[in-house]
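Subject: Structure handover and notes

Dear colleague,

I am passing on the structure we talked about, together with some notes to read beside it. Please open it first, and then go through the points below at your own pace.

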Number of protein chains: 2
Amino acid sequence: MTAPEGRLDWGPLGDSLGFLLRLAQLEAFEAYFAAMEGAAPLPGSLSILLMVRGNPGIRQGVLARALRIKRAHMTKIVQSLEQAGLLRGSVPADDRRAIELHLTPAGLAEAERAWSAVHAHETAPPATLTAEEAAQLRHLLRRYLSLQEHGHEP
Amino acid sequence: MTAPEGRLDWGPLGDSLGFLLRLAQLEAFEAYFAAMEGAAPLPGSLSILLMVRGNPGIRQGVLARALRIKRAHMTKIVQSLEQAGLLRGSVPADDRRAIELHLTPAGLAEAERAWSAVHAHETAPPATLTAEEAAQLRHLLRRYLSLQEHGHEP
DNA sequence: ATATAACTGTATCCTTGTAAACAACTGTTG
DNA sequence: CAACAGTTGTTTACAAGGATACAGTTATAT
């Protein structure tokens, strides 16, 4: 009676977008760690470095909302990146509550080095999908998230 | 110089499947909790109940691999579900290391009650996608995960 | 002006999930 | 059989992330 491995009945879960997204995200993270082998920072840290590179002077809170990291957690990550000398924060004159973030030269170098490693991993389509399907999947996810296409890779 | 909210440059992250999956998953979870308001168990627990319903007698470890929950964590969740009277485990005669899981009548009732609530939430397409796009997205995720289509909802 | 509300980041505690070592059991190989 | 390796679930110790309450600052309304 025990269901044999590999022939499980996924029941309604197979039609659940939330469940499929969760599984897919875990799959992608596993692939990331397996491919990077410590050659890249944690995904959260890397995403912060890349966002600060593209949006210099962005505030912690804005970044937190964009990346869906809680503000309390953002504080910790930013502090660790500052301690690592990759990031520096400055308080703008017009609002002394805020902190504007900039990459240090070391941070810029690290962002580019790490991204090139990740990029090599990301551009290989995920074995189970054709290149077109992967592109279509990215497109639909951007629409789901209401992120505009930016033609970066046509 | 500070990038205005809503017009951020996502840079390479907008083309990163892993990053898009992470954001999408967080979005879906937020929508789940907002819609359920405590009317459904945690996603992990619900997925276990539904999988045991569809695969009675499944072993903890098989379930853990399928749902990508670590075995240590699976132990805790299963114990809490047993304590709640929703699940029971039995040791098969031919392998006394293993534990085969079955739903109790209460567990079956809870699985069906909770799923019907989640189902109502899930079938409303996610506002940013048409129904066809949502179906296409689910299809691609199943392919990404190598889950066979089961025609449950054609 | 002064009080009140809202915003921004921080510190604290708590829950969820992971890693590593372990005990019980099974299977294989000499 | 005896020894050894692999599996299965559990325990323990820890890290990652979330909730809450807070201090400092700014904006708004009397």
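To begin with a small point, in which helix do B:Arg113 and B:Glu110 lie, and how many residues apart are they? Both belong to helix H5 of chain B, where they sit three residues apart, about one turn of the helix. Please keep in mind throughout that this is a predicted model.

**Salt bridges**

B:Arg113 and B:Glu110 form a salt bridge, with 3.1 Å between the closest N and O atoms, and B:Arg113 is partly exposed, its relative accessible area being 40%. Over all chains, the structure holds 16 salt bridges, and a few of them are described here.

One of them joins B:Arg143 to A:Glu133, where the closest N and O atoms are 2.8 Å apart. This pair crosses between chains, since B:Arg143 is in helix H6 (residues 131-144) of chain B and A:Glu133 is in helix H6 (residues 131-144) of chain A. The two partners can be described by their accessibility: B:Arg143 is partly exposed at 32% relative accessible area, whereas A:Glu133, at 18%, counts as buried.

Another salt bridge runs between B:Arg53 and B:Glu112, with the closest N and O atoms 3.7 Å apart. Here the pair links distant parts of the chain, as B:Arg53 lies in helix H2 of chain B and B:Glu112 in helix H5 (residues 105-123) of chain B, 59 residues apart. B:Arg53 is partly exposed, with a relative accessible area of 29%, and B:Glu112 is partly exposed too, with a value of 41%.

There is also a network of salt bridges, in which A:Glu27, A:Glu30 and B:Arg68 are linked. As general background, side chains of opposite charge can pair when their charged atoms come close.

**Helix H2 of chain B**

The helix that holds B:Arg53 deserves a look of its own. Helix H2 of chain B covers residues 43-54, twelve residues, and it reaches 16 Å from its first C-alpha to its last, which is close to the 16 Å expected at 1.5 Å a residue. The helix is mostly covered, with ten of its twelve residues buried; among them are B:Leu46, B:Ile48, B:Leu49, B:Leu50, B:Met51 and B:Val52, and the buried residues also include B:Pro43 and B:Gly44.

**DNA strand C**

Turning to the DNA, there are 18 residues around strand C, and the ones that come nearest are A:Gly61, A:Thr75, A:Arg97, A:Ile99 and B:His73. Of the atoms of DNA strand C that come within 4 Å of the protein, sugar and phosphate account for 62%.

Several individual contacts can be picked out on this strand. A polar side-chain atom of A:Thr75 is 2.9 Å from a phosphate oxygen of DNA strand C, and an N or O atom in the side chain of A:Gln60 is 3.4 Å from a phosphate oxygen of the strand. The side chain of A:Arg71, by contrast, has an N or O atom 3.1 Å from a base oxygen of DNA strand C. The elements that give two or more residues to the surface near DNA strand C are helix H3 (60-67) and H4 of chain A, together with H4 of chain B, and H4 of chain A gives the most, with four residues. By class, this surface has eight charged, five polar and five nonpolar residues.

**DNA strand D**

Around DNA strand D there are 18 residues, of which A:His73, A:Arg96, A:Arg97, B:Gly61 and B:Arg97 come nearest. Sugar and phosphate make up 62% of the atoms of DNA strand D that come within 4 Å of the protein.

On this strand, a polar backbone atom of B:Gly61 lies 2.7 Å from a phosphate oxygen, while a polar backbone atom of B:Ile99 lies 3.2 Å from a phosphate oxygen. B:Gln60 makes its contact through the side chain, with an N or O atom 3.2 Å from a phosphate oxygen of DNA strand D. Two or more residues of the surface near DNA strand D come from each of helix H4 (71-83) of chain A, helix H3 (60-67) of chain B and helix H4 (71-83) of chain B, and the largest share, five residues, is that of H4 of chain B. The residues of this surface divide into nine charged, five polar and four nonpolar.

With kind regards

Technical notes. Residues are numbered from 1 along each chain as its sequence is written. Chains are lettered from A and ligands numbered from 1 in the order in which they are written. This is a predicted model: local features need pLDDT of at least 70, side-chain atom pairs count only at pLDDT 80 or more; totals for chains, interfaces and linings use all residues. Side-chain values use heavy atoms; hydrogens and water are left out. A residue is near a molecule or strand if one of its heavy atoms lies within 4 Å of it. A polar contact is a pair of N or O atoms within 3.5 Å; within protein, one must be able to donate a hydrogen and the other to accept it, and residues adjacent in sequence count only if both atoms are side-chain atoms. Ala, Val, Leu, Ile, Met, Phe, Trp, Tyr, Cys and Pro count as nonpolar, Asp, Glu, Lys and Arg as charged, and the others, Gly among them, as polar. The expected span of a helix is 1.5 Å times one less than its number of residues. Buried means under 20% relative accessible area, exposed over 50%, partly exposed in between (1.4 Å probe, protein chains only). A salt bridge is a side-chain nitrogen of Lys or Arg within 4 Å of a carboxyl oxygen of Asp or Glu.
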